[in-house]
Amino acid sequence: MANNAVTAKSRAISGKLLTRDDYTSLLHKNSVGAVAGALKTRPLYAEAFADINEAAIHRAQAEQLIERSVFDTYMRVSKFSASGKNGIMSFYIKRIESEQLIKAVAAVVSGSQESFMFSFPEYVTEHICFDPIQVAGAKSLSALADIISGTPYRRPLEEMLRADSPDINRIITAINVCYIKCAFTRINECASGKERQLLKDFFLRKTDADNLLMCLRTVSAFRLEPERINELLIPYHKRLRQRKIDEALKLSDPVPTLTEMFVTERIATARVSDIPEVNVNASDYRYFRHRLAVSGSETEALYSLMMLLKTESTNLFRIIEGIRYGLPPEETEKYIIMQ
C-alpha cells in the first residue's frame with residue numbers, strides 16, 4: 001500500500017511541474033517580484049510565496065522560498081515511504097548536508113561566514129550532523145575541522161582542512177565522495193537486486209558527468225596537469241573509464257574530445273545544445289521522467305522525483321539570476337531544461 005501511495009503521489013507531483021509555456025512566461029518577467037507573483041499561482045509554490053511582498057522580495061529570499069517548497073514537497077511524499085527516514089529520505093538529507101558543508105568551506109576561505117548563515121536553510125538543522133551556527137563561526141579551515149570532529153566527515157577531511165595550504169577543490173571532491181558512500185550504504189540497506197543496481201546507476205550517471213565537467217573546466221580555465229586533474233575526480237564511474245580521460249588529457253587540445261565525450265561516454269543521445277552541462281541535464285531530465293512514469297518501486301520513484309524537483313529549482317534560480325543581472329531572456333533560456 002505504501003509503495004503504491006508513494007509512486008502515485010510522486011507521479012501526481014511531477015504533473016504539477018512547470019511547463020515550457022510557464023518557463024517562457026517567467027523568462028520574460030521584468031523583476032524578481034514578478035517571478036514571485038507568478039509562482040504564487042503554481043501549486044508547488046503557492047504556500048511558500050502566499051504572504052510575500054512582491055515589491056520588496058529580493059533574489060536570495062526568493063531562492064530560499066523555492067528551496068523550502070521543494071524540501072516540504074519531498075518531505076510530504078517521503079512520509080508515506082515504507083523505509084521512512086532510514087531509506088532514500090536519508091540520502092536526500094545527506095545531499096543537502098554535503099552541499100551546505102561545501103558552502104561552509106567556501107565561506108571560511110572567502111571570509112563570508114555571515115552570508116553562509118544568512119542563506120542556510122534553518123529547516124534542515126535538526127536533520128544534519130553539524131551545527132550550522134558553530135560552522136558559521138569558524139574563522140579558519142582548521143577551526144572547521146574541530147567543529148566536524150564528531151561527524152563522518154572528520155576522517156576524510158581532517159588532514160586536508162588542517163594543511164598549511166589547503167586544496168579547496170580536493171576538499172570538495174572528498175565531501176562529494178562522502179555523500180556517495182553514504183548513499184550507497186543506504187541503497188544497500190533499502191533495496192536489493194535490480195532495484196539496488198538501478199539506484200546506484202543514478203549516482204554513477206552523475207559522477208560521470210561531474211568528472212567530465214571537472215576535466216573540462218580545469219583544462220579550459222587553469223591548464224592543470226593530468227596528474228593534478230586526476231586528484232580531483234570522483235573515484236566512481238558508470239560508462240566513463242579512467243583510460244578514456246587519460247587519453248583525452250594527453251592531447252595538445254583536450255577540449256573538443258572532452259566535449260564530445262559528454263555524448264559518446266555519458267549520455268549517448270543526440271545533443272540538444274552546444275553547452276555540455278545542458279546536454280547532460282536535459283538527458284537526465286528525460287531519463288528521470290521516464291523512470292518515474294514506469295517504475296513500480298517507491299525508492300526509484302522518490303529518487304526520480306527528487307532529481308526532477310532539483311532540475312526545476314535550478315531552472316528557477318537561473319531565471320531569477322538572469323533577471324537580477326539584466327540578461328536577455330534568450331541568453332538565460334539556453335540553460336533552462338524544459339519538458
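Select F80 to start: at a relative accessible area of 34%, F80 is partly exposed. The model on screen is a predicted one. F80 belongs to the loop that joins α5 and α6. Add A5 to the selection and draw a C-alpha to C-alpha distance: the two residues are 75 apart along the chain, and the viewer should show 6.8 Å.

**The whole chain**

Zoom out and colour by secondary structure. The chain has 18 helices and zero strands. Its radius of gyration is 20 Å, close to the 20 Å that the globule rule gives for 339 residues, so the chain is as compact as a globular protein of that length. Turn the C-alpha trace along its principal axes, and the spans come to about 50 × 50 × 45 Å.

Now show the surface. Its accessible area is about 16300 Å², and carbon and sulfur atoms hold 50% of that. Of the 339 residues in the chain, 48% are buried. Among contacts with a separation of 6 or more, 65% are between residues 24 or more positions apart.

**Helix α3 and V35**

Hide the surface and select residues 32-39, which make up helix α3. How many of the eight residues of α3 are buried? The count is seven, so the helix is largely enclosed by the rest of the structure. To see them, pick V32, G33, V35, A36, G37, A38 and L39. Then show α2 (20-27), α4 (46-49), α5 and α17, the helices that these buried residues pack against.

Stay on V35, which is buried with a relative accessible area of 2%. Leaving out residues up to four places away in sequence, V35 touches L26, K29, I319, I320 and I323. I319, I320 and I323 can be found in helix α17, which covers residues 298-324. For a distance check, select S25 as well: S25 and V35 are 10 residues apart in sequence, and their C-alpha atoms are 9.1 Å apart.

**The nonpolar cores**

Next, look for the largest nonpolar core, a set of 90 residues. Select F49, L157 and Y303, the members with the most contacts inside this core. Then select helix α17 (residues 298-324), which supplies the largest share of the core with 12 residues. There is also a second, separate core of 16 residues; to locate it, select I229, A248, L249 and L258, which are among its members.

**Aromatic pairs**

Show the aromatic side chains. Across the whole structure, 13 aromatic pairs are found. Go first to F71 and Y92: their ring centres are 6.2 Å apart and their planes meet at 25°, under the 30 degrees that counts as stacked, so the pair is stacked. Which helices hold the two rings? F71 is in helix α5 (residues 59-78) and Y92 is in helix α6 (residues 88-110), so named residues 21 apart link distant parts of the chain. Both F71 and Y92 are buried.

Move on to Y287 and F288. Their ring centres are 5.3 Å apart and their planes are at 70°, so this pair is edge-to-face. Are these two residues buried or exposed? Y287 is partly exposed, with a relative accessible area of 22%, whereas F288 counts as buried at 3%.

Widen the selection to Y179, F184, F202, F203, Y236, Y287, F288 and Y303, which form one aromatic cluster. Two charged side chains sit over rings of this group. The charged end of K200 is over the ring of F184, 5.5 Å from its centre. The charged end of R205 is over the ring of Y287, with 4.0 Å to the ring centre.

**Last stop: R223**

Finish at R223, in the loop between α12 (193-222) and α13 (226-230). R223 is exposed, with a relative accessible area of 57%. Check the backbone here: phi of R223 is near 50°, which is a positive value in a residue other than glycine.

Terms used: Residues numbered from 1 in each chain as written. Predicted model: local features only at pLDDT ≥ 70, side-chain atom pairs only at ≥ 80, totals over all residues. Heavy atoms only, no water. Phe/Tyr/Trp six-rings, centres within 6.5 Å; stacked < 30°, edge-to-face > 60°. Helix = DSSP H or I, 4+ residues; strand = E, 2+ residues; numbered from the N terminus. Buried < 20%, exposed > 50% of the residue type's maximum accessible area, 1.4 Å probe, protein only. Lys NZ or Arg CZ within 6 Å of the ring centre and 35° of its normal. Rg over C-alpha atoms; globule rule 2.2 N^0.38 Å. Contact = heavy atoms within 4.5 Å. Areas by Shrake-Rupley, 256 points an atom, 1.4 Å probe, with all protein chains shown as cover. Core = buried A, V, L, I, M, F, W, Y, C linked by side-chain atoms within 4.5 Å.
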